[in-house]
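Me: I would like to go through the aromatic pairs and one helix of this model. Please keep the answers short.

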Amino acid sequence: MYNYLLVLLEQGAVPFCHYSNPYYLAPPGETMSAGELGKLAAYAAEHGIFLNFLYGKHRLEPAAEAIIQGAAHVKLVPPELHPTYPDSVVVFEADELDSFPGILSKSSERNVILRATAADLPRLADIVAALRGRFRRMNLHLVGQETFTPVQLERYETELEKMARMLADCYRSGEEVEINVLSDRLLLQEMNNCEAGVRHLTVAPDGSCYVCPAFYHDGAASLGHWSDALSREAANQRLLTLACSPVCSRCDAYHCKRCVYLNQRTTAEINVPSRQQCLTAHVERGVSRRLLHSLKTMRPFDKFPPIPGIAYEDPFDKAMEETWRRDAPMPPGPAVHENEDYLIQIYEMQRKILRKLGTD
């Protein structure tokens, strides 16, 4: 049984993660009818399923609003609808920086989502700083990260370091603030991924089901109508689990979204991540590790388990190294270990050089 559903109230529903919605800025498109919404809400209530409603830029008919208010739910809305639904999670694009102060009052309880592209990286820390004091938790999602170059990843790391210093300052001032890509890894001891298709599904305006909104907006085949899809296990559901992801299952970037949509888009395999996704998660992991170290004398961070150092940036490298160690024939004797370490050092140096040249 699924824990919750993402319900797209209209074709132009606000995109809130790594994907894009080509209809977001378009005129009003298909909208979920009050009848469909009522049946879905009744099913969810009967089976204890929580609902996340994704709004577009348009108000719904009163009958639909009444159904939503009677359901256990959270609203995800674009900035222009936040004043109408002040208890909602507002989804900002980083280039909407100028609108932040006018839409968001000071609050230590609000959750927000911030989406940024490669073009936003040079001022990402400033954008986050502009929202300080207006949220308790921020989920930061990078749009287009599957195409990030080594130079862009280095810039992202630089901006994360600035954000980490801001977080440390918040903690020392007694502010309880979370930024998913930095603070989540401080506490996690196991994978806490998106789990699309495993813990949740998406329901489109016409009632059809998808693994996540990205597949709907990308024109993928549906899993069928929700009345059928929710009562049975999807044909490929097992493949979506961590156990069927050989690279991710040996990784400890526990905060990574492990986005199955990006997997499918970049590698044509739903359980195999792209190198960029892994590198991005490990950049975040590294900054989180340094943030925790900077707080090691401060409660409660002094009780947090340390984040261990690692000698790789991509778990695929780790998998290949383990395979090489296991399969490569090596002569016996003490010199083997010395040669092995030497070769690993050469491998690491070459990989870093290639990354600097932008050919890795």
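Me: Are Tyr43 and Trp226 buried or exposed?

Reply: This is a predicted model, where local features need pLDDT of at least 70, side-chain atom pairs count only at pLDDT 80 or more, and totals for chains, interfaces and linings use all residues. Residues are numbered from 1 along each chain as its sequence is written, and side-chain values use heavy atoms, leaving out hydrogens and water. Buried means under 20% relative accessible area, exposed over 50%, and partly exposed in between (1.4 Å probe, protein chains only). Tyr43 and Trp226 are both buried.

Me: What kind of aromatic pair do Tyr43 and Trp226 form?

Reply: Rings of Phe, Tyr and Trp (its six-membered ring) pair if their centres lie within 6.5 Å; planes under 30 degrees apart count as stacked, over 60 as edge-to-face and the rest as tilted. For Tyr43 and Trp226 the centres are 5.5 Å apart and the planes 65° apart, making the pair edge-to-face.

Me: How many residues apart are Tyr171 and Phe301 in sequence?

Reply: Tyr171 and Phe301 form a tilted pair, 4.9 Å centre to centre with 35° between the planes. Tyr171 lies in helix H5 (residues 150-172; helices are DSSP runs of H or I, at least four residues, numbered from the N terminus). Phe301 is in the loop between helix H10 (275-294) and helix H11 (315-327), so the pair ties together parts whose separation in sequence is 130 residues.

Me: Which residue joins Tyr171 and Phe301 in a cluster?

Reply: Both Tyr171 and Phe301 are buried. Ring pairs link these two into a cluster with Phe304.

Notes
Helices (H or I, at least four residues) and strands (E, at least two) are DSSP runs, numbered from the N terminus.
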